[in-house]
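Here is a short report on one structure. Take a look at the model before reading on.

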Amino acid sequence: HELSSEGLDYLQASRRVEAPGASEQSPILVVSLFNGIGGAFRSYDAVGVLPMGRIAVECNAGANRITLRRWPGTLIVEDVKLVDRIMVGSWSRKFLRVQEVHLWAGFPCTDLSSAKFGRENLSGTNSSLFWEIPRIKKLIKEEFGESVVVKSAVENVASMDESACREISEALEAVP
């Protein structure tokens, strides 16, 4: 039997992370909102970077089991709305040597997609979870302090209308 191309890719990335010298942690904390099965974490494996810590915010228990199996020690938060100042402050004390926090998020697109008749954009039940991203980003900046760089990567559906895109860009101070 042979590995699929995906399996081979996974094996090669794992070997890079497990190679001599690769066990040195980078002073990076990865926070993945709407984590799913860990695509954000996987990107660090692929480039051979071992973050100091990983935090997965995901409500799906099955996805969290997959994440913990692949990245033991990941802190799991089961609801994005549970992330508050006290929790983020505890992260800043747990990861004292962090120099960068990388915030990843792929929030629900169901109310933004052109496939949905009568879409409600960021007012919709699911896509309104977008507002958790700038809220949490602000908490991270405040609790980790000015000496820690906070970078973010956010993805969503390309078929959203221009007004929603502008609103997201303004809130994140970024351009797609």
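The largest pocket holds about 320 Å³ of space. This is a predicted model. In all, 17 residues line the largest pocket. Those nearest its centre are Val154, Ile168, Leu172, Val175 and Pro176.

Which elements supply the lining of the largest pocket? Strand S5 (149-154) and helix H6 (162-172) each give at least two residues. The largest share comes from H6, with 4 residues. By type, the lining of the largest pocket divides into 12 nonpolar, 3 polar and 2 charged residues.

Now to strand S1. This strand covers residues 26-33, and 7 of its 8 residues are buried, so S1 is largely enclosed by the rest of the structure. Buried here means under 20% relative accessible area.

From S1 the chain passes through helix H2 (residues 39-47) and on to strand S2. This β-α-β crossover is right-handed.

S1 pairs with S2, and it also pairs with strand S4. The table sets out both pairings.

| Strand paired with S1 | Sense | Bridges | One bridge |
|---|---|---|---|
| S2 (residues 51-57) | parallel | 6 bridges | Ser26 with Pro51 |
| S4 (residues 100-105) | parallel | 6 bridges | Ser32 with Trp104 |

Two residues of S1 can be followed across to their partners. Ser26 has Pro51 as its bridge partner in S2. Ser32 has Trp104 as its bridge partner in S4.

Note on methods:
Residues numbered from 1 in each chain as written. Predicted model: local features only at pLDDT ≥ 70, side-chain atom pairs only at ≥ 80, totals over all residues. Heavy atoms only, no water. Buried < 20%, exposed > 50% of the residue type's maximum accessible area, 1.4 Å probe, protein only. Pairing = 2+ DSSP bridges. Right-handed = clockwise from strand over helix to strand, strands pointing away. 1 Å grid on protein atoms, 1.4 Å probe; cavity = no way out; pocket = protein on both sides within 12 Å on 5 of 7 lines; lining within 4 Å. Points joined across faces, edges and corners; volume = space filled by probe spheres on them. Nonpolar A, V, L, I, M, F, W, Y, C, P; charged D, E, K, R; others polar.
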